[in-house]
Amino acid sequence: MKKTWWKEAVVYQVYWRSFYDSNGDGIGDLEGLLSKLNYIKELGADVIWLNPMYESPDKDNGYDISDYYKVMEKAGDMQTVERLVSEVHKLGMKIIMDLVVNHTSDQHPWFLESRSSKDNPKRDWYIWKDAKDEKEPNNWRSYFTPSPWEWDVKTGQYYFHSFASEQPDLNWENLEVREEIYRIMRFWLDKGIDGFRMDVINLLAKEKGYKDAEDPYDLSYLGNNPGIHEYLQEMNREVLRYYDIMTVGEIPFVTPEDGLLYVGENRNELHTLFHFQVADDMRVWDMLRYKEIQKLWYEGLKGKGWNSQFLNNHDHTRQVTRYGNDGKYRAESAKLLATLVHTLPGTPYIFQGEEIGMTGVCFEDIEDYQDIAMKNKYREQVGLGEAPDKVLRDLQPLSRDNSRTPVQWDDSENAGFTKGVPWIKVNPNYTVINVKEELKNPDSVLHYYKKLIALRKENEVMVYGDYDDLSEGNLELYIYTRTLDEVTWLIVLNHSENINKVNWPEKLGVRDKELLLWNYSSMANDESDSKMILRPFESRIYQIAR
């Protein structure tokens, strides 16, 4: 396995509009990020992933881009971006940006031209189809709406959108579209950014013929279609191979076998990927399924490709609420989940606020939510006659706004995020959970993250070590080793509210062990060297003598 900087990196995701507001308009901005760079550096992160800050009408929080060469006024300006890149590099970190090229905004000049007439030169830059029996061309659904087809009165055709109607999909079969995207990529790489997180990159190629789906609610027909690998290999030939960068693809609907086609080291496509088998298959924690997913991906990519590890991001509910215990054992389970993410094979990602154990939120009114996907789904279901209160309760747990509430910096008004009115409400628990309090407490989640990341930087076994699950079939315990050359580490996790007695793994024999990190303020008195007593959500990392 080839060693590279991006495999060894720890990535910190900045959803800038909720990170820190520097000018009091209630929206986080790039100046706010600049003012907090030392915080990220001191945490130990190597790479900042910055969510979209391009010019946008902001219908989907920046994922509807109207100009790839300009910066959204809410975020800042081009000079601020250039200064941000420079300051990040001065601190010895790197920065990657979102690349959103499956679709644009419906306000992008390309689309305005495309929809102006059927014979416009840019008509074929997007996907247009005639009606079928005076209805949509097929029975597909989009991520955000009941149909991916929007009728255009002026030209008498439907255009295709995988997401909101304000986000028309580009036609990647058109060479001019691809060449223009490559120019955009070079523009930003030449400004010094260190790579891209590629938004839904496996959706670029569309299913030929646009035939009706047997199950329109299974959206897998939107991704991994013939032609996608040719597009990505062309992108690599034309752009990526000329820069020392990191590329990570957001790739839903993939198995390890599919994933290897995107990130295989001999494929000349992408470096690594986000798959969504955990997020899609596990609405709540499922230990057996999680272990199965980890094993399949480890075996599928071992020695041939690279994985990413994450449990939450700007699209997925905060991990301590969804997969841990955000009540009595919030701190302990937040640390346990951190241990999990940072000791399993792959590059670990931290979503802003995760490092202080921020939790999900339940707003009482649909109007308090900003998530366009959730609001569209709410309107659809209420329109079908379902009770509004029930619909709201059902949608709350996985709303994207769970992870988009402002970072909680201190216990002052609005959690120290802004002096204005925040664009989205702050989680009410900010008076208890905030960076200021975490910094004061040596046993805090934040200080644990710092120790965990430092351990990874100092020990290659956490990055390149072989993985072996010693706890298959156990519903509460996750016990595994990472081994590199003569170094073996044992990770022991009690992912439950119960006290568990654990026998020392027979596979390791009777050997000396050194406890490197644990997530309680004090160690329990183990009954003997051959047995461990694990408290609720306790995690331990041991180094085993050879």
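Lys-122 is buried in the predicted model, because its relative accessible area of 19% falls under the cut-off of 20%. This lysine is placed in the loop that runs between helix H5 (109–114) and strand S6 (128–129). Apart from neighbours within four places in sequence, Lys-122 has contacts with Trp-110, Glu-113 and Ser-114.

A second charged residue, Arg-178, belongs to helix H6, which spans residues 175–190. Arg-178 has a relative accessible area of 11% and is therefore buried, since the limit for that class is under 20%. When residues up to four places away in sequence are not counted, Arg-178 touches Trp-172, Glu-173, Tyr-231 and Glu-234.

Backbone angles were examined in the loop between helix H14 (388–395) and helix H15 (435–440), where Asn-414 is found. Most residues other than glycine have a negative phi. In Asn-414, however, phi is positive, with a value near 60°. Ala-415 lies in the loop between H14 and H15 as well, and the phi of Ala-415 is likewise positive, near 60°. Neither residue is a glycine.

Both residues are also buried. For Asn-414 the relative accessible area is 15%, and this value is under 20%, so the residue counts as buried. For Ala-415 the relative accessible area is 0%, so that residue is buried by the cut-off of under 20% too.

The packing of two helices was then considered. Helix H8 (residues 256–263) packs with helix H10 (residues 287–301) at an angle of about 40°, and the axes of the two helices are 9 Å apart. H8 is therefore oblique to H10, because an angle of about 40° is neither under 35 degrees, which would count as roughly parallel, nor within the range of 65 to 115 that counts as roughly perpendicular. The crossing of H8 past H10 is right-handed.

On the side of H8, the contact is made by Pro-256, Gly-259, Leu-260 and Val-263. On the side of H10, Leu-296, Trp-297, Gly-300 and Leu-301 take part. Sorted by class, the residues in the contact of H8 with H10 comprise six nonpolar and two polar ones, with no charged residues. Gly-259 of H8 and Gly-300 of H10 fall in the polar class, because Gly is counted there.

Definitions and conventions:
Residues are numbered from 1 along each chain as its sequence is written. This is a predicted model: local features need pLDDT of at least 70, side-chain atom pairs count only at pLDDT 80 or more; totals for chains, interfaces and linings use all residues. Side-chain values use heavy atoms; hydrogens and water are left out. Helices (H or I, at least four residues) and strands (E, at least two) are DSSP runs, numbered from the N terminus. Buried means under 20% relative accessible area, exposed over 50%, partly exposed in between (1.4 Å probe, protein chains only). Contact means heavy atoms within 4.5 Å. Axes are lines fitted to C-alpha atoms, for helices over the stretch in contact, and angles run from 0 to 180 degrees between N-to-C directions. Angles under 35 degrees count as roughly parallel, over 145 as roughly antiparallel, 65 to 115 as roughly perpendicular and the rest as oblique. A crossing is left-handed if the near helix is turned anticlockwise from the far one by less than a right angle, and right-handed if clockwise.
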